[in-house]
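Q: Could you take me through one part of this model at close range, and then show me what else is worth a look around it? I work at the bench, so plain words are welcome.

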Amino acid sequence: MPKATVRIPTPLRSLTGGRGEVPAEGPTVGALVQHVTDEYPGLRRHLYSPEGQLRNFVSLYLNDEDVRNLKRAETPVSEGDVVSIVPAIAGGTGAPSVAAPTAPAAGNPEPDGRAFGRDELLRYSRHILLPEVGLAGQKRLRDARVLLVGAGGLGAPAALYLAAAGVGHIGLVDFDAIELSNLQRQVLYTTADAGHSKLETAKRRLEALNPGIEVVAHSGRLTAENAMDVLRPYDIIVDGTDNFPTRYLVSDAAVLLGKPYVYGSIYRFEGQVSVFDAKRGPCYRCLYPEPPPPDMTPSCGEAGVLGVLPGLIGVLQATETVKLALGIGDPLIGRLLLYDALALQFRELHLAKNPTCVLCSPTATQKGLIDYPAFCGVPAAGAAPVAGVPEITPEALDAELRSGEPPLVIDVREPDEWSLGHLSSARLIPKGELLEHVDELTSAREIVLYCRSGQRSGQSARQLIELGFSHVKSLKGGINAWADKVDPSIPKY
Ligand SMILES: [Zn+2]
């Protein structure tokens, strides 16, 4: 029986006792993964549907090949092979890399002939010295129209480098205000900008960096109603989103409009980058036909992220964008680049076009945009409440705490989050340890759980309800809402 190694992605390592690689034996990839889930039963729910099918948002690679291009679960395994589980944190599957000379993504192959002024020649001199760029290439960059969706961790470094490079038309989509907790990674903003609009601040910062470019601010949320109109004027779409509904919306719209989509995503210490261009390779949907359910994908607000990580991933996205605009080099089409900051390792996986993709195959059934919040199982705005869990507002909890019979309040965050600030009557039991403490909770008349934003506490409350607790609630909006509505002395993060 061949012995092989199965690589476990970071989000699932809590189910393998923190191990990133586990040994397994089996004649095929399917048998190997079965072996691992026998050893770590907690993994099963993440990898297989209740009917026993491998979930759509999980990809398996044998060495660096997607098993969907081989014999799927029946793919034979040899001694020493490595099987990687790659869930949809970011990702793509695809066709073989297309190394043919690439046309510039900017519509007109012949750049606008307008001469550069003396200052522009000086500003771009290190580009112009490169034979692969030269004056003609710099003019292509000046003509290029790039839309950045999200001006956060990924969008900030990407925007700075694209503006510096002389990309002539940069569109930004964002609706957030700048918070202190953004500044650890969102290098477009300064401390004095806290509380201001990201969009307006970013526009000013980019125009100060390069007054010769045009920066267009698209305020408000991107929706299925407005996305086609927002994306249409641009040649290249850059993904700086942090949630699945927006990612699927943007990538679907890019496919429908025939535009390349430069994908990036980050999780703790790991990142993924690819270029999806359905004309030349796979689209994001080829890789992940559907998203994972919301409770399997913590956002970086909940999971934490190393501040320099989005810097690197965003700059890789900017690199691919500049290459596409210039039409030089081998774009990351049909390839998924994985980066592990702790190991300082890059790995590359081949992605193939899905011949039955609902969006980009000859038999595509989806001809327009859909309801993405519903598709991803979350409501349109804000954090999703967890199904079947009653919520309590901060004001109502405040009143209950002042009553004769206050509820038992449990903080399910991690100890370091607790030390940032907590409710004075609360008890700390991190989400992962809750089940060990169930016996101590049975005497409580009513239990209120809270976390940062209401997601983890909702999931924890559901666990307790499933165990038979009847008076359990989750604090709506978490401690950040409590800080807004009841106690402004608690810092939001
Ligand atoms: Zn596709």
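A: Strands β3 and β4 (residues 65-66) pair in the antiparallel sense, over two bridges. Together β3 and β4 make a hairpin with two residues between them, and Asn 63 in that turn has a positive phi of about 55°. Please keep in mind that this is a predicted model. Across the hairpin, Leu 62 stands opposite Glu 65 of β4.

Now turn to the other neighbour of this strand. β3 is joined to strand β5 (residues 82-87) by five bridges, and the two run antiparallel. Here Leu 62 appears again, this time opposite Val 83 in β5. How much of β3 is buried? Four of the five residues of β3 (residues 58-62) are buried, so the strand is largely enclosed by the rest of the structure. As you look along it, it helps to remember that in a regular strand the side chains alternate between the two faces of the sheet.

Step back and the hairpin becomes part of something wider. The open sheet here has five strands in the order β2-β1-β5-β3-β4, with mixed pairing. Its edge strands are β2 (21-25) and β4, each of which pairs on one side only. The parallel part of the pairing includes strand β1 (residues 3-7) and β5, which are linked by three bridges. Within that pair, Arg 7 has Ser 84 of β5 as its bridge partner. Helix α1 (residues 29-39) packs on this sheet and touches β1, β2, β3 and β5; the direction of α1 makes about 120° with that of β2.

There is another sheet to visit further along the chain. This open sheet has five strands in the order β14-β18-β17-β15-β16, and its pairing is parallel. At its edges are β14 (391-392) and β16 (427-428), each pairing on one side only. Strand β15 (residues 408-411) pairs with β16 in the parallel sense, over two bridges, and Asp 411 stands opposite Leu 428 in β16. A helix belongs to this picture too: α16 (residues 455-466) lies across β17 (447-450) and β18 (472-475), and runs at about 175° to β18.

Between these sheets in sequence, the helices offer a good place to pause, and Val 322 is a handy starting point. Val 322 sits in helix α12 (residues 308-326). Is Val 322 buried or exposed? Val 322 has 24 other C-beta atoms within 10 Å, and because 20 or more are enough to count as buried, Val 322 is buried. Leaving aside neighbours within four places in sequence, Val 322 is in contact with Leu 141 and Ala 165. The C-alpha atoms of Val 322 and Arg 140 are separated by 9.7 Å, although these residues are 182 apart along the chain.

Those contacts lead to two helices that meet α12. Take helix α6 (residues 155-165) to begin with: the axes of α6 and α12 come within 7 Å and cross at roughly 40°. The two helices are therefore oblique to each other, and α6 passes α12 in a right-handed crossing. On the α6 side the meeting residues include Gly 155, Tyr 161, Leu 162 and Ala 165, while on the α12 side they include Pro 310, Gly 314, Ala 318 and Val 322. The residues of this contact divide into ten nonpolar, five polar and no charged.

Helix α5 (residues 134-143) also reaches α12. The axes of α5 and α12 come within 9 Å and cross at roughly 110°, which makes α5 roughly perpendicular to α12. This crossing is right-handed. Gly 137, Arg 140 and Leu 141 of α5 meet Val 322, Ala 325 and Leu 326 of α12. By type, the residues of the contact between α5 and α12 are four nonpolar, one polar and one charged. Val 322 thus takes part in the contact with α6 and in the contact with α5.

One last stop is Val 230, in helix α8 (residues 227-231). Val 230 is buried, with 20 other C-beta atoms within 10 Å. Apart from neighbours within four places in sequence, Val 230 is in contact with Val 173, His 218 and Leu 222. The C-alpha atoms of Val 230 and Ala 253, 23 residues apart along the chain, are separated by 9.9 Å.

Terms used. Residues are numbered from 1 along each chain as its sequence is written. This is a predicted model: local features need pLDDT of at least 70, side-chain atom pairs count only at pLDDT 80 or more; totals for chains, interfaces and linings use all residues. Two strands pair if DSSP finds at least two bridges between them. Two residues are in contact if their C-beta atoms, placed from the backbone, lie within 7 Å. Axes are lines fitted to C-alpha atoms, for helices over the stretch in contact, and angles run from 0 to 180 degrees between N-to-C directions. A residue is buried if 20 or more other C-beta atoms lie within 10 Å of its own, exposed if 12 or fewer, and partly exposed in between; C-beta atoms are placed from the backbone. Angles under 35 degrees count as roughly parallel, over 145 as roughly antiparallel, 65 to 115 as roughly perpendicular and the rest as oblique. A crossing is left-handed if the near helix is turned anticlockwise from the far one by less than a right angle, and right-handed if clockwise. Ala, Val, Leu, Ile, Met, Phe, Trp, Tyr, Cys and Pro count as nonpolar, Asp, Glu, Lys and Arg as charged, and the others, Gly among them, as polar.
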